[in-house]
Amino acid sequence: MVLKLYAPQSVAGGNGIVALVLAEKQIPFEFVQIDMASKQHKSQEFVAMQPFGQVPAIDDNGFILYESRAICRYLEEKYRNQGTKLVPTGSKAKALFEQAASVESANFHPAVMKVAEETVFKRRQGFPVDQAVVDKVLDEFSAKLDVYESILGKQKYIAGDELTLVDFFHLFYAQLMVVADIDVMTKKSRPNVARWWKEITSRPAWLKLKEHGIKGTVN
């Protein structure tokens with residue numbers, strides 16, 4: 001039985017990250033599109049699988065798993081010997097990977113989420129955007145990126161010199177930054193961040209997802 005991915009077609013948020021890992025790991029899957037507009041994610045059938053009524057979720061031959069970061073880790077563990085290796089081996093390398101994962105979830109994600117809330121989400125909900133608040137949260141986000149500039153000046157990726165899941169986790173709101181027309185990731189004042197960001201957003205699998213959305217079986 002082929003793995004099933006339950007998600008909207010959009011690659012924004014965790015949906016795209018899980019689809020990206022499936023592509024990088026060359027894992028065949030069936031895409032089950034969830035219609036968010038009709039609140040299919042809140043249906044009794046879906047909530048039985050994902051109790052919070054959120055996407056994405058997977059069904060791997062009866063094994064149900066939700067939360068995108070957990071899904072990505074599971075896919076890497078199960079398919080560690082195929083496709084792109086996305087979690088390092090060795091106690092020290094794994095410790096640095098976990099350190100980087102904590103940095104993303106505790107520093108980068110909350111900061112970029114504030115930017116998304118004050119720009120994209122407010123516009124979508126019809127609320128006026130307060131530029132003073134936008135400037136404030138952008139300053140907070142920029143302070144995080146200054147630290148990233150220092151880290152990436154010493155190594156190629158966030159967890160070291162090898163690409164890992166952590167780098168992909170940073171793409172959660174990449175699409176939203178584009179929609180909001182906010183370009184803080186490729187500023188000349190942070191050449192190391194710009195180099196890293198351009199590299200991960202230029203992955204062929206990511207570009208294909210952005211162009212075509214989530215389609216299903218990986219070739």
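Let's start with Leu171: not counting residues up to four places away in sequence, Leu171 touches Ile17, Leu20, Trp197, Ile200, Thr201 and Trp206. Keep in mind that this is a predicted model. From Leu171 we can move out to the cores, then the sheet, one helix and one lysine.

**The nonpolar cores**

- The largest nonpolar core has 59 residues, and Leu171 is one of those that touch the most other members.
- Leu5, Leu75, Phe141, Met185, Trp196 and Ile214 share that distinction with Leu171.
- Which helix gives the most to this core? Helix H4, covering residues 91-124, does, with 8 residues.
- Apart from this core lies another one, made of 5 residues, including Tyr6, Phe46, Met49 and Ala57.

**The sheet and the helices on it**

- Grab the sheet next: 4 strands make up an open sheet with mixed pairing, and their order is E2-E1-E3-E4.
- At the edges sit E2 (29-33) and E4 (63-66), each of which pairs on one side only.
- If you ignore direction, neighbouring strands here are turned by 20° against each other on average.
- E1 (residues 3-7) and E2 run parallel, and 5 bridges join them.
- One pair to look for is Leu3 with its bridge partner in E2, Phe29.
- Helix H1 (residues 14-24) packs on the sheet and touches E1 and E2, with its direction at about 155° to that of E1.
- Helix H3 (residues 68-78) packs on the sheet too, touching E1, E3 (57-60) and E4, and its direction makes about 130° with that of E4.

**Helix H9 and its two sides**

- H9 spans residues 204-212, and its residues Ala205, Trp206 and Leu209 are buried.
- Why do those buried residues line one face of the helix? Looking down the axis of H9, you'd see them fall within an arc of 100°, so they line one face.
- Turn to the face pointing away from the buried side, and you'll find Pro204 and Glu211, which are exposed.
- Just after H9 comes Gly213, which takes a positive phi of about 75°.

**Lys156, a loop residue**

- Where is Lys156? Its place is in the loop between helix H5 (131-152) and helix H6 (165-169).
- Lys156 is partly exposed, with a relative accessible area of 38%.
- Leaving out residues up to four places away in sequence, Lys156 touches Asp161, Arg195, Trp196 and Glu199.
- Lys156 and Ser202 are 46 residues apart along the chain, and 15 Å separates their C-alpha atoms.

Note on methods
Residues are numbered from 1 along each chain as its sequence is written. This is a predicted model: local features need pLDDT of at least 70, side-chain atom pairs count only at pLDDT 80 or more; totals for chains, interfaces and linings use all residues. Side-chain values use heavy atoms; hydrogens and water are left out. Buried means under 20% relative accessible area, exposed over 50%, partly exposed in between (1.4 Å probe, protein chains only). Helices (H or I, at least four residues) and strands (E, at least two) are DSSP runs, numbered from the N terminus. The arc is that of the directions from the helix axis to the C-beta atoms. A nonpolar core is a set of buried Ala, Val, Leu, Ile, Met, Phe, Trp, Tyr and Cys residues joined through side-chain atoms within 4.5 Å. Contact means heavy atoms within 4.5 Å. Two strands pair if DSSP finds at least two bridges between them. Axes are lines fitted to C-alpha atoms, for helices over the stretch in contact, and angles run from 0 to 180 degrees between N-to-C directions.
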